[in-house]
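Thanks for sending this one over. Here are a few notes to read alongside the structure, in the order I would go through them.

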Amino acid sequence: MSVQSVLFDAPGPKARARHLGLAVVGGLAILGLLALIVRGLANPDNNQLTADKWKPFFTAEAWTAYFLPGIWATVKAAALAVVISAVVGILLGMGRLSQLAVVRLLCGLFVEFFRSVPVLMMMLFFYFFGLYALGITGSALSLFGVVAGLTFYNSSVIAELIRSGVNSLPKGQREAGLAVGMTPLQTLIAVLLPQAITAMLPSLVSQLVVILKDTALGYIINYPELIRAGQNFASSEGNLIPTFIVLAAIFITINYGLTRVARLLERRLQQSKRGGKTPPADPMLNPALAPQAGALVGDGRL
Amino acid sequence: MKISKTLLTIAACAGLALSTAACGGGGDAGGNPGEGGKVTIGIKFDQPGLGLKEGSNYTGFDVEVARYVAKDLGYTDVTFTEAPSAQRETLLQSDQVKMIFATYSITDDRKQKVSFGGPYFIAGQDLLVKADNADITGPDALNGKKLCSVAGSTSAKKIKDNFASAVQLQEYDTYSKCVEALNSGSIDAVTTDNVILAGFAAQPQYQGKLKVVGKPFSEERYGVGIKKGDTDLCTKINTSIEKMIQDGSWQKALDSTVGPSGFKPDATKNPPKPEACS
Amino acid sequence: MDALRTLLSEYDVLAAFWMTIKLAVLSAIGSLIIGTVVAVCRVSPVAVLQWFGLTYVTLVRNTPLTLIVFFCAFGMSNTLGLTLAPTIIENNFRWGVVALSIYHASFVAEALRSGINTVPQGQAEAARALGLAFMPTLSTIILPQAFRGAIAPLGNTLIALTKNTTVVATIGVAEAAYVMRSMLEFNISLLYAIFIIMAAGFVILTLPVGIFFTYLSRKLTVQR
């Protein structure tokens with residue numbers, strides 16, 4: 001919190017009084033907003049806060065039949081997507097660093113295209129593609145749609161992370177590799193990639209949060225993930241709003257846990273930092289993922 | 001696009017491997033009689049009174065008919081799977097399910113893609129409104145009102161085209177969302193088949209708050225969706241449905257599921273006589 | 001080819017993308033405003049506001065956008081009865097914009113905070129030495145630089161926002177994904193053509209944004 005201490009002086013008596021006033025006003029405004037929402041939820045015509053609407057959450061069945069299978073389906077799709085995306089992303093990232101211009105261009109096109117298309121549309125496409133072109137049936141189909149949609153987007157993101165990770169390593173690393181007689185590819189695989197991958201580990205964990213959230217889109221193609229499961233629960237219990245609140249709480253808990261893990265990894269890596277700079281765990285803040293005009297060509301330093 | 005192909009294969013394999021592992025090798029959803037008597041049937045999961053998943057239980061009229069027919073056809077192990085309106089044809093064409101009992105109206109359009117057994121029930125499009133609503137008496141009273149229906153269904157469009165051109169349409173992906181919106185007062189009416197609406201009106205949390213207007217303005221013949229051209233299965237289903245009607249199970253199933261809502265099906269049309277298979 | 005032409009005459013793809021653009025532009029403005037307020041709260045000297053900023057970012061960022069859209073459509077609009085427009089179509093659209101703004105504001109706030117971190121401490125110290133209070137320091141010295149430092153993550157957020165507009169299809173706003181879904185439902189034989197057209201639309205929408213932001217960040221980067 002070093003920023004904050006720099007932005008303002010240690011408050012004197014006047015400022016402290018003013019801050020207290022602001023705190024009270026701000027606090028009251030927030031409390032007022034909350035009170036309005038609670039009052040709206042509890043309005044007599046359509047009370048969302050009755051025991052009837054909340055009791056169903058405290059039955060074993062709510063969890064064994066709806067929420068836990070939903071969480072499992074969500075985690076399953078997210079885990080598959082992150083593993084496959086990591087593998088494909090690393091390959092694509094290597095492709096973008098290739099010495100062959102053609103490979104660089106193709107991988108660049110692939111990455112730029114799939115980064116631009118909304119995940120929701122890709123899920124819709126792959127659902128039908130899986131059905132008609134690959135002949136996948138049964139419960140595997142919607143899982144395939146979700147995982148494929150997530151994978152195409154996220155492997156592109158990871159490819160960019162890899163590329164920037166390698167590019168941010170000190171030049172000496174590569175030069176040393178070449179000097180001891182390794183080929184450029186060997187240098188990449190044995191020297192540069194391991195460092196780049198370690199450095200982007202926190203980003204990868206953060207990307208898992210993005211993937212988990214995006215899994216929720218799978219309900220459009222009938223994937224039985226958490227939100228779909230929750231909606232089915234809500235229609236048998238008639239408590240749509242309370243269910244949304246519980247669903248949000250579950251997502252926030254899981255994702256907050258993952259964010260903490262990412263931060264922890266980030267800090268660890270910064271402490272034992274050698275060579276490259278650790279990029280911020282948050283993928284949105286990562287300059288490597290910033291839109292790039294010249295991205296199609298890539299800056300292929302290798 | 002070599003990469004994408006490899007990737008697809010990887011993803012597909014991973015997906016398949018995982019799902020078959022998870023459901024214990026029950027990958028063949030369609031199933032044939034004799035294959036251990038297993039069958040997968042598509043139903044609605046969110047329509048109280050017709051097809052509702054309650055925990056690990058399935059209840060409703062569609063489910064009762066499905067169970068009766070499946071048993072009659074020699075299946076001992078019935079798996080129910082969700083068949084949302086927009087995906088019913090796809091589910092059948094791709095063999096994900098053998099039969100669909102999901103308020104599936106027989107239409108010529110759909111017959112291009114799938115075949116039907118039955119019908120086992122004749123419903124009609126109607127309106128669901130708040131219990132104290134007096135001004136919506138039928139579809140032509142909907143001008144300027146807010147009407148909710150489900151994306152991919154034609155019932156709302158029908159009203160706009162034929163009865164009330166100034167109606168405002170809201171589309172959600174499930175009826176339960178429509179009914180919730182109706183109950184909270186943000187829309188004025190929900191439209192779909194009367195028996196579906198009755199199922200919602202009878203749910204404990206909506207009891208006494210909602211009512212079906214009771215002037216059906218269409219005829220919806222609920223059939224059993226099957227793969228196109230499977231005449232053999234169609235004939236068997238029809239025999240089974242006739243048997244169900246004759247031995248009183250049909251009436252019993254109706255009374256125990258939709259009955260409590262006070263809804264009485266149109267007696268001139270129900271119980272229906274199954275159509276000839278083609 | 002004929003089938004494709006009939007399809008395109010039947011569904012107004014351009015109108016759908018125009019809806020996407022409207023959603024994206026309005027939500028971008030909305031999220032920039034909310035996000036700036038939240039970011040200012042997070043670095044303010046008042047503990048309650050700091051707490052509010054942190055809570056906002058933590059809660060909103062970890063919730064799927066789908067749920068936030070549902071909360072707005074069902075919680076705020078239906079249950080609390082807060083309608084933003086008399087007609088359903090307009091009401092859904094406006095709540096869609098609100099939901100998108102709320103969600104992306106958390107990313108804007110984080111981007112700004114990272115931007116504030118890029119401003120050297122000396123700047124703030126100098127401002128304080130001149131006797132500026134917190135708000136003037138922030139608004140005249142720190143934030144202008146922070147925005148420039150945060151251009152890349154803000155560009156990321158804008159592109160993500162453009163793509164995320166597809167999620168409001170779930171409450172019946174007729175934007176690109178909604179139209180794609182209806183097209184696929186009735187014309188599955190044109191699967192590839194439909195996907196390519198819709199995907200190309202998004203490439204066309206996001207690519208210029210990317211190029212523009214690259215240009216901006218090159219031009220505006222504060223040389224240190």
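**Notes on chains C, A and B**

1. Let's begin with chain C, whose secondary structure consists of ten helices and zero strands. Followed along the sequence, the pattern of chain C reads α-α-α-α-α-α-α-α-α-α. Please keep in mind throughout that this is a predicted model.

2. Next, the dimensions and packing of chain C. The C-alpha trace of chain C spans about 70 × 45 × 25 Å along its principal axes. Chain C has 224 residues, and 56% of them are buried. Among contacts in chain C with a separation of 6 or more, 75% are between residues 24 or more positions apart.

3. How many residues of chain C are in contact with chain A? The count is 63 residues of chain C, and they meet 52 residues of chain A. On the chain C side, the helices that each supply at least two residues are H3 (47-61), H4 (65-79), H5 (88-118), H6 (121-129), H7 (134-149), H8 (151-164), H9 (176-186) and H10 (191-220). H10(C) gives the largest share of that side, with 15 residues.

4. You may also like to know the chemistry of this surface. The side of chain C that touches chain A is made up of 40 nonpolar, 18 polar and five charged residues.

5. Now to chain B, where the secondary structure has both kinds of element: nine helices and 13 strands. Chain B has 278 residues, of which 50% count as buried. For contacts in chain B with a separation of 6 or more, residues 24 or more positions apart account for 72%.

6. One sheet in chain B deserves a closer look. It is an open sheet of three strands, in the order S2-S3-S4 (chain B), with antiparallel pairing. Why does one side of S2(B) and of S4(B) lack a neighbour in the sheet? Strand S2 (46-47) and strand S4 (57-59) of chain B stand at the edges and each has a single partner strand, so one side of each is left without a neighbour there.

7. Here is the pairing in detail. S2(B) and strand S3 (residues 51-54) of chain B run antiparallel and are joined by two bridges. In one of the pairs, Asp46(B) has Leu52(B) of S3(B) as its bridge partner.

8. Finally, chain A comes back into the picture at this sheet. Helix H11 (residues 226-237) of chain A packs on the sheet and touches S2 and S3 of chain B. The direction of H11(A) makes about 105° with that of S3(B).

Terms used
Residues numbered from 1 in each chain as written. Chains lettered and ligands numbered in written order. Predicted model: local features only at pLDDT ≥ 70, side-chain atom pairs only at ≥ 80, totals over all residues. Contact = placed C-beta atoms within 7 Å. Helix = DSSP H or I, 4+ residues; strand = E, 2+ residues; numbered from the N terminus. Nonpolar A, V, L, I, M, F, W, Y, C, P; charged D, E, K, R; others polar. Buried ≥ 20, exposed ≤ 12 C-beta atoms within 10 Å, placed from the backbone. Pairing = 2+ DSSP bridges. Axes fitted to C-alpha atoms, helices over the stretch in contact; angles between N-to-C directions.
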